[in-house]
Amino acid sequence: MTTLTTALGPGPTADAGILTVLAQACRDEERIEFAYVARDGQASTRTVEPHRLVSIERRWYLVAYDLTRFDWRSFRLDRIADPKPTGHRFRPRALPAEDAAEYVRASLHTAIEPLIVEAVIEAPHDRVVDILGRWATVEDNGDGTCAVRITADSAEWALFGLAAVDAPFRISGPEEAVLAAADWGERFTRSAAELVIDGSAEVRLPDPR
């Protein structure tokens with residue numbers, strides 16, 4: 001898969017093919033159809049009138065009028081697959097916001113659908129409860145590990161909670177949390193690749209691959 005990133009370091013990534021197809025549909029005011037996987041994992045096929053592509057918080061979004069739901073929606077590009085122009089043009093509708101970026105930000109701010117992250121932590125039950133008990137359900141597996149379910153507004157928040165236990169953990173789902181963990185792991189590895197000690201000695205850590 002070819003990806004595009006912003007010019008200034010780590011930034012939003014997107015499949016170049018999908019990005020191109022959607023951008024052309026926005027430009028040509030042409031209805032488009034694609035497969036979409038919602039946050040809860042439910043798959044569906046959407047037909048939309050594309051309005052604008054927006055990059056916010058290291059993600060790309062398509063703002064469009066959803067002809068399946070008969071309302072405006074913002075779609076994450078990493079959840080879109082197989083976009084196909086329909087050949088049908090449309091007359092642009094009035095967006096219920098000052099601009100597309102404002103609409104996406106408002107959608108993210110008012111989202112009420114929680115994300116439930118499940119993981120197994122290799123730590124004693126009492127320790128995990130002491131750190132995560134206010135935000136998660138913790139079950140003792142009886143083998144020195146605990147099964148944890150964290151309800152959070154974002155995958156990143158759940159990851160920081162798991163890391164706070166300071167013990168090995170394995171995320172079992174959802175995919176969004178697994179991908180976020182991989183992304184953060186790469187970023188931390190890059191930031192620690194070169195260390196300067198006492199202002200002179202440079203240490204290069206081994207490539208984790």
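## Rings, loops and backbone angles

Colleague: Where does F70 lie?
Modeller: F70 sits in the loop that follows β5 (59–66) and precedes β6 (71–76). This is a predicted model, in which local features need pLDDT of at least 70 and side-chain atom pairs count only at pLDDT 80 or more, while totals for chains, interfaces and linings use all residues. Residues are numbered from 1 along each chain as its sequence is written, and side-chain values use heavy atoms, leaving out hydrogens and water. So, for F70, the place is the loop between β5 and β6.

Colleague: Is F70 buried or exposed?
Modeller: Buried means under 20% relative accessible area, exposed means over 50%, and partly exposed is in between (1.4 Å probe, protein chains only). F70 comes out at 62% relative accessibility, so it counts as exposed.

Colleague: What phi does F70 have?
Modeller: Most residues other than glycine have a negative phi. F70 isn't a glycine, yet its phi is positive. D82, in strand β7 (residues 80–89), is another non-glycine with a positive phi, about 55 degrees. For F70, phi is about 55 degrees.

Colleague: Which residues does a cis peptide bond join?
Modeller: Most peptide bonds are trans. Here's one with omega at about 0 degrees, and its proline is in the loop between β11 (169–173) and α5. The bond joins G173 and P174.

Colleague: How many helices and strands are there in the chain?
Modeller: Both are DSSP runs, numbered from the N terminus: H or I over at least four residues for a helix, E over at least two for a strand. On that basis, the chain has 5 helices and 13 strands.

Colleague: How many aromatic pairs does the count come to?
Modeller: Rings of Phe, Tyr and Trp (its six-membered ring) pair if their centres lie within 6.5 Å; planes under 30 degrees apart are stacked, over 60 edge-to-face, and the rest tilted. By that rule, the count is 7 aromatic pairs.

Colleague: What are the distance and plane angle for W135 and W157?
Modeller: The two rings meet edge-to-face. W135 is in the loop between α3 (125–132) and β9 (136–140), and W157 is in helix α4 (residues 155–164), 22 residues apart. W135 is partly exposed at 37% relative accessible area, and W157 is partly exposed at 39%. The pair's values are 5.8 Å centre to centre and 75 degrees between the planes.

Colleague: Which helices hold F160 and W184?
Modeller: Their rings are edge-to-face too, at 5.3 Å centre to centre and 70 degrees between the planes. F160 is partly exposed, with a relative accessible area of 44%. The pair ties together parts that are 24 residues apart in sequence, because F160 lies in helix α4 and W184 in helix α5 (residues 175–191).

Colleague: Which residue lies over the face of Y65?
Modeller: A charge sits over a ring if NZ of Lys or CZ of Arg is within 6 Å of the ring centre and within 35 degrees of the ring normal. At 3.8 Å from the ring centre, the residue over Y65 is R93.

Colleague: How many disulfides does the structure hold?
Modeller: A disulfide is a covalent bond between the sulfur atoms of two cysteines; here the cut-off is a pair of cysteine sulfur atoms within 2.5 Å. C26 is buried at 13% relative accessible area, and C146 is buried at 0%. The number of disulfides is 0.
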